[in-house]
Amino acid sequence: MDTRRIAEVLDEMGTLLEARGEDAFRCRAYHNAAQALKALPPDLSELIASNQLGETPGLGKSMLAKVVELATTGRLESYEQLRQTTPPGLVALLRVPGLGPKKIKVLREELQIEGLADLRQAAESNQVASLKGFGTKTEAKILEGINFIESVGDRILQSTARRQIGPILDWVRAQPATIKAEACGSLRRQKATIGDLDILFASSDPAPVLDGFIHRPEVAAVLAQGPTKASVRLAEGVQCDLRGVSLTQFPFALNYFTGSKEHNIAMRRRAIARGWKLNEYSLDGPEGPLPCDSEAEIYERLGLAYIEPELREDWGEIEAAERGPLPTLVTRSDLIGTFHCHTDWSDGGATLDEMVEATRARGLTYLGIADHSRSAGYAGGLSIERVRKQWAAIDALNTKLGQTFKIFKGTECDILGDGSLDYPDEILAGFDYVVASVHSLFGLSREVMTDRVIAAVKNPYVTMLGHPTGRLLLARDGYAIDLEAVIEACSKSGTMIEINANPHRLDLDDEHCRRAKALGMLLVINPDAHSTGGLDDLDYGIGVARRANLTAADVFNTRSSSEVEAAFARHRPV
DNA sequence: GCCGTTTTCGGCCCGACTGTTTTCAGTCG
């Protein structure tokens, strides 16, 4: 079993133990061990053989034995037992706001509640309010929480989060009492999906801002309200927290509320190791406070180089920052051009000219067109005849544009069921580049799907693999595929993998981008734009790349137009 | 369940807020 899956098993065990109300520190030990594993290579056999695995902090004697059992046999007796003896619905109860391990234990012991349906029934018949430690408000809150989970789910897309937080953040910033304000939490870390919205502001008088906030038109319900913090549920369902601190507290609070939780814990441990104390308000030594004007200073005080928000997951960034400055992460302004854009030749909404104009307006100097191939009937895929016509149109436009801008002729070519491509070689040879994507037969077995995609990326005309898992965030899981094997195959054949920047996809994900980088591969941030506005999705792709620790050198579309041309020429068969 | 040069037992990040209590436990981030 690979490392990632082992980490998932340990995480699940920790969660199952929590739902059962076991000792909280024991539960955390499982999560900590899972976290520690994420920094290790996908195949543990070498570490096991050389007896080095046990040196990993967080893996004690007992945990080590579990990891070895999983890695070598693919099974774990204690895991299977735990699953068998824990009601499957119990874990869902942890997602109900206001319910934690202790309350769940009471519900289970007193009312035999083992899932959301049981809980709803008990709450609706007022059995919950009479339990010790519960009351009518808790009961009402539980019902509201179940409704929330069952209606909208508990995460939203990053793009949805940005749209919702925008007007609120602008409003907070515009308040006279506000000195400055930032969005924190997983949004600042640019996670693909977001659980809730966090806004932090600095002020010497936070009360009027908090009061105005809870009366905003977007607010559907006030969940909590104190002198420094207010929590609301917005009309669209997501929770939004607003916290006010003083200007001197701001850097500490910004760091704390940006998280991740794991990163914070590691930071606090580091402070403790120096005999200091770190919290959301200050860093304190034995002789008093150690003031910091910025997050960078907090890291400096703790003997660390600055760590960008996107890296704060306790995936090894603290150890890296201990050794010295971290590489400069890629930014939007590093991108010089873009690939994988659609036009109205297939299912895009804009003309070729409009896409060129929009690309130039965004400061880019080349545009790769990649309309759908002929089998993609649903998306107006181009027949060979139409391909030739589009080439002529692009040639004409390129001539008109002269040296100032370059359009690359590409295609998003379907990978057919057997792994062959949707155009014959002589047509593929006419494109500057080829993005190969799966758009059909999602239900193939993992083995067949993996072979199919690997066959396609081995095709010498294929320049990039498009959205490698086909996932649609919060809507559809990716198809079954051995992504590790696909990445390795791409590495061998010199095929790039795209980071599809559409906020519904973000595919390849950050974790596998790290893997690709470790193999020395180039990634390419592709907006998969179907309109001029779709070009702005590049920002989401940048977020994935930054979370994956990618620098400009790791991203293909930071290369100049002439470097791109040379790279295409090198890649294609002679 | 992990960890250790003040500890092999007794800690484990910690502060705000809520609701249910009548001084605090539980949850959350």
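**Group meeting: the sheet, a helix and the whole of chain A**

Let me start with a helix on a sheet. Helix α12, residues 207–214, lies across β4, β5, β6 and β7. Its direction makes about 15° with that of β6. One caution before I go on: this is a predicted model.

Now the sheet itself. How many strands does the open sheet have, and in what order? Five, running β2-β4-β7-β6-β5. The pairing is mixed. Look at the edges next. β2, residues 180–183, stands at one of them, and β5, residues 219–225, also stands at an edge. Each has a single partner strand, so one side of each is left without a neighbour in the sheet. From one strand to the next, the twist averages 20°.

Take one pair from that sheet. β4 covers residues 197–202, and β7 covers residues 239–245. In which sense do β4 and β7 pair? Parallel, over six bridges. If you want a place to look, find Phe201: it stands opposite Gly244 in β7.

A second helix belongs in this picture. Helix α10, residues 158–174, packs on the sheet. α10 touches β2, β4, β6 and β7, with β6 being residues 229–234. The direction of α10 makes about 15° with that of β4. So much for the sheet.

Next, further along the chain, helix α20. This one is residues 446–458, which makes 13 residues. Why do we expect a span of 18 Å for α20? Because the rise is 1.5 Å a residue, and the span is counted over one less than the number of residues. The end C-alpha atoms of α20 are 18 Å apart, which agrees.

Which residues of α20 are buried? Met449, Thr450, Arg452, Val453, Ile454, Ala456 and Val457. Note that Arg452 and Thr450 are on that list. What covers these buried residues includes β15, residues 464–465, and α21, residues 483–493.

Last, the whole chain. Chain A has 24 helices and 17 strands. Its radius of gyration is 26 Å, close to the 25 Å that the globule rule gives for 574 residues, so chain A is as compact as a globular protein of that length. Along the principal axes, the C-alpha trace spans about 75 × 60 × 55 Å.

Three more values for chain A. Of the 574 residues, 50% count as buried. Take contacts between residues at least 6 apart in sequence: 68% of them join residues at least 24 apart. The accessible surface comes to about 25100 Å², and 51% of that belongs to carbon and sulfur atoms.

Notes. Residues numbered from 1 in each chain as written. Chains lettered and ligands numbered in written order. Predicted model: local features only at pLDDT ≥ 70, side-chain atom pairs only at ≥ 80, totals over all residues. Heavy atoms only, no water. Pairing = 2+ DSSP bridges. Helix = DSSP H or I, 4+ residues; strand = E, 2+ residues; numbered from the N terminus. Axes fitted to C-alpha atoms, helices over the stretch in contact; angles between N-to-C directions. Contact = heavy atoms within 4.5 Å. Buried < 20%, exposed > 50% of the residue type's maximum accessible area, 1.4 Å probe, protein only. Rg over C-alpha atoms; globule rule 2.2 N^0.38 Å. Areas by Shrake-Rupley, 256 points an atom, 1.4 Å probe, with all protein chains shown as cover.
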